Amino acid sequence: MSDSSPDIMLFTRPECHLCAAARTTVARVCAEHGVAWREVSTTEEPALGERHSEEIPVLFIDGVQRDFWSIDADRLARLITAARTSRQDPTP
């Protein structure tokens, strides 16, 4: 992961079919873009689980909620590109 890579976190709950599909999508898109990601479960962060209980799985990029329930691969790819672009040094 380079310094221009966004912090991507997928928040899930155990035995969740939507979470399994989201995990597959996030893993594929992040691999295509060479970006690391992490998964955090409601068992690890119960307060976050309470806050987002009706939206799980939830995708966060750089700490901002970007998607939930069904993760759109094209949207995720655009968000990764946008995050990288915003991190680039503007000097030549």
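Start on helix α1 and select His17, Thr24, Ala31 and Glu32, the exposed residues on the face turned away from the buried side of the helix. Exposed means over 50% relative accessible area, buried under 20%, and partly exposed in between, with a 1.4 Å probe and protein chains only. Helices (H or I, at least four residues) and strands (E, at least two) are DSSP runs, numbered from the N terminus. The model is predicted: local features need pLDDT of at least 70, side-chain atom pairs count only at pLDDT 80 or more, and totals for chains, interfaces and linings use all residues. Residues are numbered from 1 along each chain as its sequence is written, and side-chain values use heavy atoms, with hydrogens and water left out.

**Helix α1, the other side**

Widen the selection to residues 17–33, the 17 residues of α1. From first C-alpha to last the helix reaches 25 Å, close to the 24 Å expected at 1.5 Å a residue; the expected span is 1.5 Å times one less than the number of residues. Now pick Cys19, Ala22, Thr25, Val26, Val29 and Cys30, the buried residues of α1. Viewed down the axis of α1, they fall within an arc of 130°, so they line one face of the helix. That arc is taken over the directions from the helix axis to the C-beta atoms. Add β1, β2 (37–41), β3 (58–61) and α3 (73–87), against which the buried residues of α1 pack; contact means heavy atoms within 4.5 Å.

**Either end of α1**

Glutamate 15 is in the loop between β1 and α1. Its phi is near 55°, a positive value in a residue other than glycine, and its relative accessible area of 86% makes it exposed. Just after α1, select glycine 34, which has a positive phi of about 65°.

From Gly34, go to serine 5, which has Gly34, Val35, Arg84 and Arg87 as contacts once neighbours within four places in sequence are left aside. Serine 5 sits in the segment before β1 (8–12) and is buried, at a relative accessible area of 7%.

**Cysteines**

Select the cysteine sulfurs. How many disulfides does a search of the whole structure find? It finds zero, a disulfide being a pair of cysteine sulfur atoms within 2.5 Å. The sulfur of cysteine 30 has its closest cysteine sulfur in cysteine 19, 16 Å away and too far for a bond. Cysteine 30 is buried at 1% relative accessibility. Cysteine 16 is also buried, with a relative accessible area of 14%.

**Helix α2 and the loop after it**

Leucine 48 is in helix α2 (residues 46–51). Not counting residues up to four places away in sequence, leucine 48 touches Met9 and Phe11. Leucine 48 and phenylalanine 11 are 37 residues apart in sequence, while their C-alpha atoms are 8.5 Å apart.

Move on to proline 57, in the loop between α2 and β3. The peptide bond leading to proline 57 from isoleucine 56 is cis, with omega near 5°.

**The aromatic pair**

Finish with phenylalanine 68 and tryptophan 69. The structure holds one aromatic pair. The ring centres of phenylalanine 68 and tryptophan 69 are 4.7 Å apart and their planes are at 70°, so the pair is edge-to-face. Rings of Phe, Tyr and Trp (its six-membered ring) pair if their centres lie within 6.5 Å; planes under 30 degrees apart count as stacked, over 60 as edge-to-face and the rest as tilted.

Phenylalanine 68 is partly exposed at 29% relative accessibility, and tryptophan 69 is partly exposed with a relative accessible area of 44%. Tryptophan 69 is in the loop between β4 (64–68) and α3. Its phi is near 65°, a positive value in a residue other than glycine.
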